[in-house]
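These are my notebook entries on a protein chain and the RNA strand that accompanies it. I wrote down what I looked up, in the order in which I looked it up.

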Amino acid sequence: MPGRTEIVKLLAEQPIGSEVKVMGWVRSFRARRFLVLNDGSCFQNLQVVVDFERFDEELLRKIQFHACVAVTGKLVESEGKGQDIEVLAEQIELLGACPADAYPLQPKRMTMEFLRENAHFRMRTNTLNAVFRVRHGLAYAVHKYFHDNGFYYLHSPIITASDAEGAGEMFHVTTFDLAHVPKTEEGEVDWKQDFFHRPTNLTVSGQLEAEVGALALGKVYTFGPTFRAENSNTTRHLAEFWMIEPEMAFFDIHDNQDLAEDFVKYLIRFALEHYPDELAFLDQRIRNEEKNMPKEKRRPMGLIEMLEFVLAHDFERITYTEAIDILRKSKDFKKGRFQFEPAWGADLQAEHERYLVEKKFRKPVIVRDYPAEIKAFYMRQNDDGKTVAAMDVLFPYIGEVIGGSQREERLDRLQARMRQMGVPEEELWWYLDLRRFGGCPHSGFGLGFERMVQFVTGMGNIRDVIPFPRTPGNAEF
RNA sequence: GCCUCCAUAGCUCAGUUGGUUAGAGCGGCGGACUGUUAAUCCGUAGGUCCCAGGUUCGAGUCCUGGUGGGGGCGCCA
């Protein structure tokens, strides 16, 4: 727009005395004199001083919460406290009215549940605004980290034919008219007539394809949407989420752990450096929220304090066997505070993970070398004959943020595992070929992007860190 | 999928052992005031108490069944 300046630029350069034109949405209009605008260019607002005697009454009446206006005026030093500069309005143009008697949002505290039902408006609130700024920053940092460290961004397919990854229930992809599905003479679905001439699904993981890339480009990563048709109803599951999956040739499980720790610390550091205003706001928001809670329910640390704490300490690294041992020796177990008994061979329950992270070590923990029975077929079998080189990175509040492993590169071992677990070898012929032709030791992991955003922003529900959450029974927007 | 809690004004909530006309704050609308920072003050409108049954002289309140939502667990990232 001719002559329009972004608020971020005005606040940074503060061109006192110059004539400026700003456009933005009304955050508040106090005393019919103080108009606060936000244009999305930064988290801060710009105050506009309106000499209301000079403006049309009809126009002033329409300057309501979240209406959109263009203001021309002189930029001056602010007379009041709370802001350095302000604009003395000479012209005000209403770009888009926002009738307050019909608009669902209000300049007051609203619940996250209410805002979810108004997902098309919720990004206009300070909280969601801050969250999505940080989300963007983290996405950018993912690419920057990997690029700077010699990784190649690999676009793994969204539609896949393999249904053998064991990562969960899948969404089917078809062009069939579901009311008239073609059948074979035997009465079964005739997939040969479908678009791909075979059954296909939305991807649940790009890992197998990433391995293809790693064995050619050395270090690759995927970063794309991932779909799980599981009926999961929790604050940390989505049916559609974004996953980051680095895969590295010549990395063993220890290199894998080093990378995971360095990577997530980089992301946290990036957010702290580039989004201090947003994080300060989110930090304060949590404090306000917890003000009326009993002390034992509050977070032991503030948001920023916790992020800095995570950066300042090495992640604890233990084996699954050690984890079980710690849990069985714990006071919580002896006093019967666990609902599930920690026992070698059983998966760690959420309560066990929380004990390790929040009570025992009080920092992120990486658990590795899990029993083979509870992990996927492609994980590398350890020499003990019982465990595989798997690793989970556990964070406070959100639990597992990363799951990964060293991959089984030995063809005979891999095939034995597949037969044992009923994974069809024919379908994964190309995956097995990676072991037949020029195979090498390699490792990788998957990071749930939304869980990372959750951790950095301190948001309690994963549905509030993705613009349009898909969960069982919900795909409205 | 299992367990649990919740549903009262536009929003956030209160509503006593079942008892007359359903309450507050914020927001809306009308007005006053003006260098404010969630401005303040006065006035005013606004309710199918989620839906359908049932118990009762009487149900926002108790019971049953739905629907919608929150939280916990499982599955996982």
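**Entry: the end of a helix.** I began with G458, the residue that follows α14, and noted that its phi is positive, near 75 degrees. I keep in mind throughout that this is a predicted model. Going back into the helix itself, I found that α14 covers residues 449-457 and that nine of its nine residues are buried, so the helix is largely enclosed by the rest of the structure. The buried residues include the charged pair E450 and R451, and they also include F449, M452, V453, F455 and V456. R451 came up again when I turned to the RNA, since R451 is listed among the closest residues to strand B.

**Entry: a residue that touches this helix.** I then looked up A271, which is found in helix α6, residues 253-274. Is A271 buried or exposed? At 1% relative accessibility A271 counts as buried, because the cut-off for that word is under 20%. Leaving aside residues up to four places away in sequence, A271 touches L138, P276, L279 and V456, and V456 is one of the buried residues of α14. I also checked A271 against R135: the two are 136 residues apart along the chain, and their C-alpha atoms are separated by 9.0 Å.

**Entry: T160.** This residue has its place in strand β7, residues 159-160. T160 is buried as well, with a relative accessible area of 5%. Not counting residues up to four places away in sequence, T160 touches T200, N201, T203 and E209.

**Entry: the RNA strand.** How many residues surround RNA strand B? I noted 48, and the closest are K81, K108, N231, H237 and R451. Of the RNA atoms that come within 4 Å of the protein, sugar and phosphate account for 47%. By residue class, the surface near strand B divides into eleven nonpolar, 18 polar and 19 charged residues.

I went through three individual atom pairs, and they involve both phosphate and base. A polar side-chain atom of R116 lies 3.2 Å from a phosphate oxygen of RNA strand B, while a polar backbone atom of A350 is 3.0 Å from a phosphate oxygen of the strand. For the base, I recorded a nitrogen that is 2.8 Å from a polar backbone atom of L238. The elements that give two or more residues to this surface are α3 (112-116), β11 (240-249), α11 (350-360), β15 (399-406) and β16 (442-448). The largest share, four residues, comes from β15.

**Entry: the sheet with β15 in it.** What is the order of the strands in the open sheet of eight? I read it as β6-β10-β11-β16-β15-β14-β13-β12, with mixed pairing. The edge strands are β6 (152-153) and β12 (316-319), each of which pairs on one side only. Within this sheet I followed one pair more carefully: β13 (residues 365-371) and β14 (residues 387-395) run antiparallel and are joined by six bridges, and V367 stands opposite D392 in β14.

**Entry: strand β3 and its partners.** Strand β3 spans residues 46-49, and both of its faces are covered, with L46 and V48 buried on one side and Q47 and V49 buried on the other. Strand β2 (residues 34-38) runs antiparallel to β3 and is joined to it by four bridges, and the bridge partner of V36 in β3 is Q47. With β5 (residues 85-96) the pairing of β3 is parallel and goes over three bridges, and here V48 has V87 as its bridge partner.

**Entry: the whole chain.** Chain A is divided into domain 1 (7-103) and domain 2 (126-168 + 204-315 + 363-464). The centres of the two domains, taken over C-alpha atoms, are 43 Å apart, and the contact between them takes seven residues from domain 1 and seven residues from domain 2. I counted 14 helices and 16 strands in the chain, and its C-alpha trace spans about 85 × 60 × 45 Å along the principal axes. Of the 477 residues, 50% count as buried. Among contacts with a separation of 6 or more, residues 24 or more positions apart account for 68%.

Methods
Residues numbered from 1 in each chain as written. Chains lettered and ligands numbered in written order. Predicted model: local features only at pLDDT ≥ 70, side-chain atom pairs only at ≥ 80, totals over all residues. Heavy atoms only, no water. Near = heavy atom within 4 Å. Polar contact = N/O pair within 3.5 Å; in protein donor to acceptor, adjacent residues only side chain to side chain. Nonpolar A, V, L, I, M, F, W, Y, C, P; charged D, E, K, R; others polar. Buried < 20%, exposed > 50% of the residue type's maximum accessible area, 1.4 Å probe, protein only. Pairing = 2+ DSSP bridges. Domains from an automatic or database assignment. Contact = heavy atoms within 4.5 Å.
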